[in-house]
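Hi everyone, thanks for coming. Let's take a look at today's chain together.

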Amino acid sequence: MKYDSDDALDRALFALPLEEPPADLRASILSTTVYRPAPLFKPWELVLLGAIVAVMVWLVVLIAMGGSTLFAASLEKAGSTLVGLLSNVATLAWIAAGGATAIWLSIFTDFQSLSKDAVTRGR
């Protein structure tokens, strides 16, 4: 079936009675999109705060379970593990390579390309 013209269909659609939108529709759309307040914390800040709280709870539980001797022994064990990890030459080499790469990228590249000026210039 082939239609040459949709004029009759257009007239029928435009003749349908439409309901008026609510008076505050535009304001409610803007308040939930454009004028929405910024979140209190960024996701990485929430992760960092969660990790800090988890460590604090862990320390409180350690102290409550065994008193100061267990806490001191746990700190000593954690310290010796950290020293053992950082005394490995390969680990230190990877940390140095990563630090050097980060410094090189921040100095010799345009690391501020997402600033307001760059956005307004259309970059």
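I'll go from the overall layout to the helices and then to the surface.

First, a word on the model: it is predicted, so local features need pLDDT of at least 70 and side-chain atom pairs count only at pLDDT 80 or more, while totals for chains, interfaces and linings use all residues. Residues are numbered from 1 along the chain as its sequence is written, and side-chain values use heavy atoms, with hydrogens and water left out.

The chain has five helices and zero strands; helices are DSSP runs of H or I with at least four residues, strands are E runs of at least two, and both are numbered from the N terminus.

Now, how far apart are the end C-alpha atoms of H3? They are only 29 Å apart, although H3 has 44 residues and a straight helix would reach 64 Å. The expected span is 1.5 Å times one less than the number of residues. H3 also bends by about 125 degrees at glycine 67, taken as the angle between axes fitted to the seven residues ending there and the seven starting there.

H4, residues 89-108, reaches 28 Å over its 20 residues, close to the 28 Å expected.

On to leucine 48, which sits in H3. It is partly exposed, at 46% relative accessible area; buried means under 20%, exposed over 50%, and partly exposed in between, using a 1.4 Å probe and protein chains only. Of the chain's 123 residues, 2% count as buried. Happy to chat afterwards!
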